[in-house]
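Here are a few exercises to try with the coordinates open. Have a go at each one before reading its solution.

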Amino acid sequence: MLLHCAHARYVWNLAVEQHGYWQPGRKAAPGFAEQCRQLTEARRDNEWLAAGNADVQQQALKDFAKAKSARFASGFGEPTWRRKHRHEGFRVIGTDRVPEYHADGAPLVNAKTGRRVMGRSVVVQRLNRRWAQVKVPGCGWVRLRLSAKGKGAELPEAKTFRVTFRNNQWHAAFAVVPEPVPAPGTGAVIGIDRGVAITAALSDGRKLNCPQLTVKERAQIRKHQRRAARAPKGSERKTAEYTKAAKLKAREVNRRKDWCEKSSTMLARTCDLVRFEKLNIKNMTRAARGTVEQPGRGVRQKAGLNRAILAQGWGLLRQRTGHKAPGRVEDVPAPYTSLRCSACGWIEKRSRKSQADFVCVSCGFTCNADENASVNVAAGQGGIPRPRRIAGAGGVTAATSRSNAREPQPAWVGIPLFEGEDVNSRTSRRSTSGTATSRPGTS
Ligand SMILES: [Zn+2]
């Protein structure tokens, strides 16, 4: 199977190279059909490539073609190089032939020949409740342990499956788009505020925490890294110690993924509408390094924060919830969700007393800060234009693309909690009390 991985990687990287050579003015890079023809030629000329499985090699080209056509939509961008030890895997196309059907159940017939269209199906057999076996070309029957989802259910009817080798473990994933989780139909709307101290605070008061490595496990990682660093270069001991550290790190990833899967299923099952605050995690975790000429400040601290953010699995939780409850997940603009009082709608930086405490300076509402934010998210509130500095208030009007002939904006911004409540009544009340001239520090 490792040989299959190597061949698939070789073919994929050739395709990457072919497409990397293309630039405006040159002839188009070869598509899937042309590449398949070239593969046949390459197999004729190279004995070692011909010794491999043709289907595995062709499926690598198919994968590449799919990745290439989905590069704008997939979020992964252009297909890139695959590396040994890091991207080990190959796709197997089923060998069983089964008749294809339309979506409405009518048999699919070839318009020219009038014959039934036959599709592929993976040969997979259940051995018992926990185990199944699947045919891998060149390897015969390969037994596999079913995951929690496949344990009780029927085996998937897939056309292909993908075998991957990572963290010293083999995995087989059947290419099936699962049915979405049905909505409970109770009309329940939940808001989720994602943070570092509490991974996901729900608007009903629940707090979900993504499991991390224990202190002991972290110490073990450091121990193995230290031992590896002190071992002689290229020694077996060095490799062994790094392997041990990698194993522990893989455990952290597994825990996080498991938690994300369970939490997203729970959310999809129990709520009709799930609202997340819209976070640009990629921008949030940008390095503070700067350049050689202008090094950034607090680089180590920022790196630590980035690591803590990425360890929470924010993106994965949102993504998997979206997969399981399509159309029932919304993104709420994030600005001010953590500063807005969920009881009266007042936005004030001073209301956030500390990481955990929220005490509204307007109405005195006291709440856990994360819970307060998640209630705002559930209400879809928080996304308001930033209050601008007003020239008359001692500040500077920042240059924006918007008209500078706008009316002076209120320095204190209140959002009506319910429709119909008058925003201006609140701002005017603040104006008369004489505090409106000082601007809240929002920069
Ligand atoms: Zn309040």
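**Exercise 1.** In this predicted model, work out how many residues sit between S7 and S8 in their hairpin, and find the turn residue with a positive phi.

*Solution.* Start at the turn: S7 and S8 form a hairpin with 2 residues between them. Asn-167 is in that turn, and its phi is positive, about 55°. Next, check the pairing: S7 (residues 160-166) and S8 (residues 169-174) run antiparallel and are joined by 6 bridges. For one specific pair, take Thr-164, whose bridge partner in S8 is His-171.

**Exercise 2.** Find the strand order of the open sheet of 3 strands, and say which are its edge strands.

*Solution.* The order reads S4-S5-S6, with antiparallel pairing. S4 (124-126) and S6 (140-145) each pair on one side only, making them the edge strands. On average, neighbouring strands here are turned by 25° against each other, ignoring direction. Now zoom in on S4 and S5 (residues 131-136): 3 bridges join them, and Gln-125 has Gln-133 as its bridge partner in S5.

**Exercise 3.** Why does the largest nonpolar core lie between two domains?

*Solution.* First, list some members: of its 25 residues, those touching the most other members are Ile-192, Ala-200, Ala-201, Val-274, Phe-276 and Val-377. Second, look at the elements giving two or more residues, including S10 (200-202), H7 (236-270) and H11 (369-378). H11 supplies the largest share, 5 residues. Third, bring in the domains: domain 3 (189-333) and domain 4 (335-407) both contribute residues, so the core lies between them. As a local check, Ala-201 has contacts including Asp-193, Lys-207, Ala-373 and Ser-374.

Definitions and conventions: Residues are numbered from 1 along each chain as its sequence is written. This is a predicted model: local features need pLDDT of at least 70, side-chain atom pairs count only at pLDDT 80 or more; totals for chains, interfaces and linings use all residues. A nonpolar core is a set of buried Ala, Val, Leu, Ile, Met, Phe, Trp, Tyr and Cys residues joined through C-beta atoms within 7 Å. A residue is buried if 20 or more other C-beta atoms lie within 10 Å of its own, exposed if 12 or fewer, and partly exposed in between; C-beta atoms are placed from the backbone. Helices (H or I, at least four residues) and strands (E, at least two) are DSSP runs, numbered from the N terminus. Domain bounds come from an automatic or database domain assignment. Two residues are in contact if their C-beta atoms, placed from the backbone, lie within 7 Å. Two strands pair if DSSP finds at least two bridges between them. Axes are lines fitted to C-alpha atoms, for helices over the stretch in contact, and angles run from 0 to 180 degrees between N-to-C directions. Lists of a residue's contacts leave out its neighbours within four places in sequence.
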